[in-house]
Amino acid sequence: LQRMGKLPDQRQELEKELDELLPYRILDLLSRDLSDQEAHQQGLDLLDSFVMQRGGLEGKNSSNAKGGLSQGDFELFFQQIRGFLTVQEQIDLFDHWQRKGSETAGFLCAISLVSSGFSRRKPERLQEAKKYLKSFSSKGLDLMPLLGCIDLLLADIEKAHSRFRNSGDEE
């Protein structure tokens with residue numbers, strides 16, 4: 001239709017419907033068997049471009065993005081696909097998005113680094129997570145308990161105790 005210049009209204013409607021199917025396409029590609037590396041990589045690339053179009057995980061440009069998802073729907077979609085991503089893929093994506101301006105991605109990168117560091121017994125990952133959290137500037141979020149837990153995982157009891165004492169959260 002595009003090549004022949006015919007039915008522009010139909011073509012626009014088809015393009016709009018195809019854009020609305022993007023989240024489902026990403027989910028389909030990422031949920032396939034891991035042996036299908038080409039499809040998985042294509043899903044990662046589509047996810048990256050989708051998130052960047054939305055203006056990060058926060059959805060700063062979500063009204064202009066393909067996929068037609070509200071922020072709440074996007075968060076449900078994202079929770080669903082995280083299960084199909086390896087921890088390293090999550091770290092790589094979150095780090096990339098954080099460098100592009102997504103604060104939420106920086107926080108999620110830190111959490112993924114804690115998970116990776118603990119499960120693989122790599123204290124350097126836990127140290128890297130602490131750096132991410134210290135650079136995280138979210139108002140109203142007390143990071144002291146989380147930093148204290150990381151210190152406990154690193155067996156630094158005194159520093160953890162100090163962080164828990166300095167927390168604004170009584171519990």
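What follows is a walk through two helix pairs, a nonpolar core and a pair of buried residues in a predicted model.

Start with helix 3, which covers residues 37-54, and helix 4, which covers residues 71-82. Their axes lie 13 Å apart, and the two helices pack at an angle of about 155°. That makes helix 3 roughly antiparallel to helix 4, since angles over 145 degrees earn that label. The crossing of this pair, helix 3 and helix 4, is left-handed. On the helix 3 side, the residues that take part are Leu47, Phe50, Val51 and Arg54. They meet Gln71, Phe74, Phe77, Phe78 and Ile81, which belong to helix 4. Sorted by class, the contact of helix 3 with helix 4 has seven nonpolar residues, one polar and one charged.

Some of these names come back in the largest nonpolar core, which has 36 residues. Leu47, Leu57, Phe77, Phe78 and Trp97 are the ones with the most contacts inside this core. Plenty of helices chip in: those giving two or more residues to the core are helix 2 (22-31), helix 3, helix 4, helix 5 (87-99), helix 6 (103-119), helix 7 (123-135) and helix 8 (144-153). Phe77 gives a closer look at such contacts. With neighbours within four places in sequence set aside, Phe77 is in contact with Pro23, Ile26, Leu27, Leu47, Phe50 and Leu69.

Next come two residues that are not in the nonpolar class. Gln90 sits in helix 5, while Ser112 is part of helix 6. Gln90 has a relative accessible area of 8%, so it counts as buried, the cut-off being under 20%. Ser112 is buried too, at 4% relative accessibility. Not counting residues up to four places away in sequence, Gln90 touches Arg82, Leu85 and Ser112. On the same basis, the contacts of Ser112 are Arg82, Val87, Gln90, Ile91 and Phe94. Gln90 can also be placed relative to Leu113: the two are 23 residues apart in sequence, and their C-alpha atoms are 9.2 Å apart in space.

Last up is the pairing of helix 7 and helix 8, whose axes come within 10 Å and cross at roughly 165°. These two helices are therefore roughly antiparallel to each other, and their crossing is left-handed. Helix 7 brings Leu126, Ala129, Lys130 and Leu133 to the contact, where they meet Leu146, Leu147, Ile150, Asp151 and Leu153 of helix 8. By class, that contact divides into seven nonpolar residues, no polar ones and two charged.

Note on methods: Residues are numbered from 1 along each chain as its sequence is written. This is a predicted model: local features need pLDDT of at least 70, side-chain atom pairs count only at pLDDT 80 or more; totals for chains, interfaces and linings use all residues. Side-chain values use heavy atoms; hydrogens and water are left out. Axes are lines fitted to C-alpha atoms, for helices over the stretch in contact, and angles run from 0 to 180 degrees between N-to-C directions. Helices (H or I, at least four residues) and strands (E, at least two) are DSSP runs, numbered from the N terminus. Angles under 35 degrees count as roughly parallel, over 145 as roughly antiparallel, 65 to 115 as roughly perpendicular and the rest as oblique. A crossing is left-handed if the near helix is turned anticlockwise from the far one by less than a right angle, and right-handed if clockwise. Contact means heavy atoms within 4.5 Å. Ala, Val, Leu, Ile, Met, Phe, Trp, Tyr, Cys and Pro count as nonpolar, Asp, Glu, Lys and Arg as charged, and the others, Gly among them, as polar. A nonpolar core is a set of buried Ala, Val, Leu, Ile, Met, Phe, Trp, Tyr and Cys residues joined through side-chain atoms within 4.5 Å. Buried means under 20% relative accessible area, exposed over 50%, partly exposed in between (1.4 Å probe, protein chains only).
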